Amino acid sequence: MAFHDLEVNSIQGEKVSLGTYKGKRCLVVNVASECGLTKQYKGLEQLHRDLSDEDFVVLGFPCNQFGKQEPGTNEEICKFAQDRFDVTFPMFEKIEVNGSGASELYQFLTEAKRNPEGSPDITWNFTKFLVDAEGNVVERFEPGVTPEQIKEALST
């Protein structure tokens, strides 16, 4: 299994090949609308806009596995992200990121980069994975790492 070989569903329900993003760095994030970290949407959108000319894209994957903080439908989630944070980065259908129901994408990401305790588990909303242009998972950022800190790290 390789990153660019995977398929996911857009938040509108259309199949999307991650091969579409070959040649771009991707920041894959599990997002939630009712989390204390939801304000990171703003920074993620700014990061997406600031680096889009540098072949960089943020990919948002809503998840309701942490405190049931993403209870809405895909349509409600999309409307929230656009209305509240003017999100233009690609959003995808709500998924599971841990356990037996974890999406194939998250199985791939978490096996490639484990959390600081050495476990593949996602610990909370807004965990971020940086995938390089060739589809290699090069970094995992835990939820408290802000988009602004990631931008700084990418600039060095």
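**Exercise 1.** By class, how many nonpolar, polar and charged residues does the lining of the largest pocket have? Find also which element gives the most to this lining.

*Solution.* The structure is a predicted model, and the work starts from the pocket itself, whose volume is about 150 Å³. Its lining is made up of 13 residues, and those closest to the centre are E7, V8, N9, I95 and S103. Sorting the lining by class then gives six nonpolar, two polar and five charged residues. Turning to secondary structure, the elements that contribute two or more residues to the lining are β1 (7–9) and α3 (104–112), and of the elements β1 gives the most, with three residues.

**Exercise 2.** Determine which residues of helix α2 are buried and which are exposed, and explain how the buried ones are arranged about the helix axis.

*Solution.* Begin with the geometry: α2 covers residues 74–85, that is 12 residues, and reaches 16 Å from its first C-alpha to its last, close to the 16 Å expected at 1.5 Å a residue. Next, taking buried to mean under 20% relative accessible area, one finds I77, C78, F80, A81 and F85 in that class. Viewed down the axis of α2, these buried residues fall within an arc of 160°, so they line one face of the helix. On the other side of α2, where exposed means over 50% relative accessible area, stand E75, K79 and D83. The cover over the buried residues of α2 includes α1 (40–51) and β4 (56–62).

**Exercise 3.** Which residue follows α2, and what is its phi?

*Solution.* Moving past the end of α2, one comes to D86, whose phi is positive, near 55°.

Key. Residues are numbered from 1 along each chain as its sequence is written. This is a predicted model: local features need pLDDT of at least 70, side-chain atom pairs count only at pLDDT 80 or more; totals for chains, interfaces and linings use all residues. Side-chain values use heavy atoms; hydrogens and water are left out. Helices (H or I, at least four residues) and strands (E, at least two) are DSSP runs, numbered from the N terminus. The expected span of a helix is 1.5 Å times one less than its number of residues. Buried means under 20% relative accessible area, exposed over 50%, partly exposed in between (1.4 Å probe, protein chains only). The arc is that of the directions from the helix axis to the C-beta atoms. Contact means heavy atoms within 4.5 Å. On a 1 Å grid over the protein atoms alone, a cavity is a set of points where a 1.4 Å probe fits but cannot get out, and a pocket is an open set with protein on both sides within 12 Å along at least five of seven lines; lining residues have an atom within 4 Å of a point. Grid points are joined across faces, edges and corners, and a volume is the space filled by probe spheres set on the points. Ala, Val, Leu, Ile, Met, Phe, Trp, Tyr, Cys and Pro count as nonpolar, Asp, Glu, Lys and Arg as charged, and the others, Gly among them, as polar.
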